[in-house]
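The following exercises concern a single protein chain and are to be worked with the sequence and the structure at hand. Each task is followed by a solution in steps.

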Amino acid sequence: MAERNRRLTETVVRESGRLGSFIRQRVPDPGEAEDILQDVFFELVEAWRLPEPIEQVGAWLFRVARNRIVDRFRKRREEPLPAVGPDENDEAQYWLENAMPASDGGPEAAHLRRLWLDAIATALDELPPGPRDVFIAHELDGRSFKDMAAERGTPLNTLLGWKRQAVMHLRERLRPLYDEQS
């Protein structure tokens, strides 16, 4: 038992710097970033107690961190993603919201939800920094475009364009998952 605890401590010390940087790049609020980091390490301690070892601890930690960030996005989001075009009907406008399984829908829904959250995290990681950062700041942090424009010195229309680019990318990447469930 002492050996397992020592290895766990070494893992936390070894991975905390990289993992903390990864989270802080995606979560601008230092307090929230630290909370997510602590949640990830708490989940590691819980998983460490399971009989089967985690194969690649570093990759596992980053996957859990991405999921926590996306979970934060889901909890904070009050409005559905904007429609791609003005000619879309209401059902098409809310396809992502309608496709996500409920968090209280049982084991199968939990598994599907985890697939969705992993796909969202992966799609966000694929974006260039501008669109990704604007999407996360607006959708996760609830920041206004006006505040971001003033802070960054970036024209408002550029920020809106980046947000649209991120939304379009997410729609494209998540459409197969949506179609698979329909």
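**Exercise 1.** Determine in which helix G20 lies and whether G20 is buried or exposed.

*Solution.* In this predicted model, G20 is part of helix α1. The relative accessibility of G20 is 3%. Buried means under 20%, so G20 counts as buried. As to its surroundings, the C-alpha atom of G20 is separated by 9.9 Å from that of F62, although the two positions lie 42 residues apart along the chain count.

**Exercise 2.** Compare the span of helix α1 with the value expected from its number of residues, and locate its kink.

*Solution.* Step one: helix α1 covers residues 2-26, which makes 25 residues. Step two: the expected span is 1.5 Å times one less than the number of residues, which gives 36 Å for α1. Step three: the end C-alpha atoms of α1 are 35 Å apart, so expectation and model agree. Step four: the kink in α1 is centred on S16 and amounts to about 45°.

**Exercise 3.** Repeat the span calculation for helix α2 and list its buried residues.

*Solution.* Helix α2, residues 30-48, has 19 residues, and at 1.5 Å a residue it should span 27 Å. The end C-alpha atoms of α2 are 27 Å apart, which agrees. The buried residues of α2 are E32, A33, I36, L37, V40, F41, L44, A47 and W48.

**Exercise 4.** Which residues of α1 are buried, and how does N5 count by its relative accessibility?

*Solution.* The buried residues in α1 are L8, T11, E15, L19, G20, F22, I23 and R26. N5 also has its place in helix α1. With a relative accessibility of 40%, N5 falls between the limits of 20% and 50% and therefore counts as partly exposed. The C-alpha atoms of N5 and V45 are 9.5 Å apart, with a distance of 40 residues along the chain.

**Exercise 5.** How many aromatic pairs does the structure contain, and what is the geometry of the rings of F22 and F62?

*Solution.* The count comes to one aromatic pair. The ring centres of F22 and F62 are 5.0 Å apart, and the ring planes stand at 75°. Planes over 60 degrees apart count as edge-to-face, so that is the class of this pair. The pair links distant parts of the chain, since F22 belongs to helix α1 and F62 to helix α3 (residues 57-76), 40 residues apart. F22 counts as buried because its relative accessibility is 11%; F62, at 15%, is buried as well.

**Exercise 6.** What is the volume of the largest cavity, and which residues line it?

*Solution.* The structure holds one cavity of 30 Å³ or more. The volume of the largest cavity is about 60 Å³. Its lining consists of R26, R66, I69, V70, A121, L124, D125 and I136. The elements that contribute two or more residues to this lining are α3 and α6 (106-126). By residue class, the lining divides into five nonpolar, no polar and three charged residues.

**Exercise 7.** Summarise the secondary structure of the chain and state what share of its residues counts as buried.

*Solution.* The protein chain has nine helices and zero strands. Read from the N terminus, the order of elements is α-α-α-α-α-α-α-α-α. Of its 182 residues, 41% count as buried.

Note on methods
Residues are numbered from 1 along each chain as its sequence is written. This is a predicted model: local features need pLDDT of at least 70, side-chain atom pairs count only at pLDDT 80 or more; totals for chains, interfaces and linings use all residues. Side-chain values use heavy atoms; hydrogens and water are left out. Helices (H or I, at least four residues) and strands (E, at least two) are DSSP runs, numbered from the N terminus. The bend at a residue is the angle between axes fitted to the seven residues ending there and the seven starting there. Buried means under 20% relative accessible area, exposed over 50%, partly exposed in between (1.4 Å probe, protein chains only). Rings of Phe, Tyr and Trp (its six-membered ring) pair if their centres lie within 6.5 Å; planes under 30 degrees apart count as stacked, over 60 as edge-to-face and the rest as tilted. On a 1 Å grid over the protein atoms alone, a cavity is a set of points where a 1.4 Å probe fits but cannot get out, and a pocket is an open set with protein on both sides within 12 Å along at least five of seven lines; lining residues have an atom within 4 Å of a point. Grid points are joined across faces, edges and corners, and a volume is the space filled by probe spheres set on the points. Ala, Val, Leu, Ile, Met, Phe, Trp, Tyr, Cys and Pro count as nonpolar, Asp, Glu, Lys and Arg as charged, and the others, Gly among them, as polar.
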